[in-house]
Amino acid sequence: MFKSNIVAGVFVMAIVSNSFAADPIVTDSTSRSTTDSTSNSTTTVKSPPPTAVAPAITVINSDVCAVGYSGAAQTQILGIAFGGSVTDKNCERLKLARATYDMGMKVAAVSIMCQDERVFTAMMNAGTPCPVDGKIGEQAKKIWEENPDRVPQKIKSKD
């Protein structure tokens, strides 16, 4: 068995060594070409338009009587963004009246609430007129009747 492996190995080496001993094949070639071309091209770049970003108006404290607003508009040419806040006067009135009442000044708290014509009308309809000039009850009612120009008027909205 050992001899047959040696004989096979020598035979393979003889075949391989013969293939490496051959002369190399050399080929020569010459090529000439002329190309004349004209190219017209158009490049279109599609990108998103610039963006107007509305500012963030944040009221972090819930004890603030303000409401934030913002907006933005964008065209291919012009962008605009805006923002601001609006004060809620009725919210302020409620907070002022509550704070005044908590300090023990009940008549002053009612007087603050009476600056709203709805509260003023409700108080008059209930037979408990709003305090005026330090007077309450019938004395206040008489002053209100004699001075109708001092009666709170409905606040006209800016619509």
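## Salt bridges, an aromatic pair and buried contacts

Let's start in helix α2, where E92 and K89 sit three residues apart, about one turn of the helix. Their side chains meet in a salt bridge, with 3.8 Å from N to O. K89 is exposed, with a relative accessible area of 53%, while E92 counts as partly exposed at 31%. Please keep in mind that this is a predicted model.

How confident is the prediction, by mean pLDDT? The mean for the protein is 79, and 79% of its residues reach 70 or more. Over residues 1-19, however, the pLDDT is below 50, and this stretch has zero contacts in the model beyond near neighbours in sequence.

### Charged pairs

Side chains of opposite charge can pair when their charged atoms come close. How many salt bridges does a search of the whole structure find? There are four, and three of the pairs can be set side by side here, with the N to O distance for each.

| Pair | N to O distance | Relative accessible area |
|---|---|---|
| E92 and K89 | 3.8 Å | E92 31%, K89 53% |
| R118 and D116 | 2.6 Å | R118 54%, D116 8% |
| D133 and R150 | 2.9 Å | D133 51%, R150 39% |

The R118 and D116 pair brings together an exposed residue and a buried one: R118 is exposed at 54% relative accessible area, whereas D116 counts as buried at 8%. The cut-off for buried is under 20%, so D116 with its 8% falls on that side of the line. The closest N and O atoms of R118 and D116 are 2.6 Å apart. This pair also belongs to a wider arrangement, as R93, D116 and R118 are linked in a network of salt bridges.

Next come D133 and R150, whose closest N and O atoms are 2.9 Å apart. D133 lies in the loop between α4 and α5 and R150 in the segment after α5, so this salt bridge ties together parts that are 17 residues apart in sequence. D133 is exposed, with 51% relative accessible area, and R150 is partly exposed, with 39%. The backbone of D133 is worth a look as well: its phi is near 50°, a positive value in a residue other than glycine.

### The aromatic pair

A pair of aromatic rings is described by the distance of the centres and the angle of the planes. The structure holds one aromatic pair. Which residues form this pair? They are F120 and W144, arranged edge-to-face, with 4.7 Å from centre to centre and 80° between the planes. F120 lies in helix α4 (residues 117-125) and W144 in helix α5 (residues 137-146), so the pair ties together parts that are 24 residues apart in sequence. F120 counts as buried, at 6% relative accessibility, and W144 is buried too, with a relative accessible area of 10%.

### Two buried residues and their contacts

A52 is found in the loop between α1 (2-20) and β1 (66-74). Is A52 buried or exposed? At 18% relative accessibility, A52 counts as buried, because the cut-off for buried is under 20%. Leaving aside neighbours within four places in sequence, A52 is in contact with A72, A73, Q74, G79 and I80. For A52 and A72, which are 20 residues apart along the chain, the C-alpha atoms are separated by 5.8 Å.

T100 has its place in helix α2 (residues 89-102), and T100 is buried, with a relative accessible area of 11%. What does T100 contact, leaving aside its neighbours within four places in sequence? The partners are M105, A108, A109 and I112.

### A nonpolar patch on the surface

Turning to the surface, Y69, F82 and V86 form a nonpolar patch, with about 300 Å² of accessible area together. Of these residues, Y69 lies in strand β1 and counts as partly exposed, at 40% relative accessibility.

Key. Residues are numbered from 1 along each chain as its sequence is written. Side-chain values use heavy atoms; hydrogens and water are left out. Helices (H or I, at least four residues) and strands (E, at least two) are DSSP runs, numbered from the N terminus. Buried means under 20% relative accessible area, exposed over 50%, partly exposed in between (1.4 Å probe, protein chains only). Contact means heavy atoms within 4.5 Å. pLDDT is the predictor's confidence in each residue, from 0 to 100. Patches are made of residues with over 30% relative accessible area and no salt bridge: like charges are joined within 9 Å, nonpolar side chains (Val, Leu, Ile, Met, Phe, Trp, Tyr) within 5 Å. Accessible areas come from the Shrake-Rupley method with a 1.4 Å probe; for residues, only the protein chains shown count as cover. Rings of Phe, Tyr and Trp (its six-membered ring) pair if their centres lie within 6.5 Å; planes under 30 degrees apart count as stacked, over 60 as edge-to-face and the rest as tilted.
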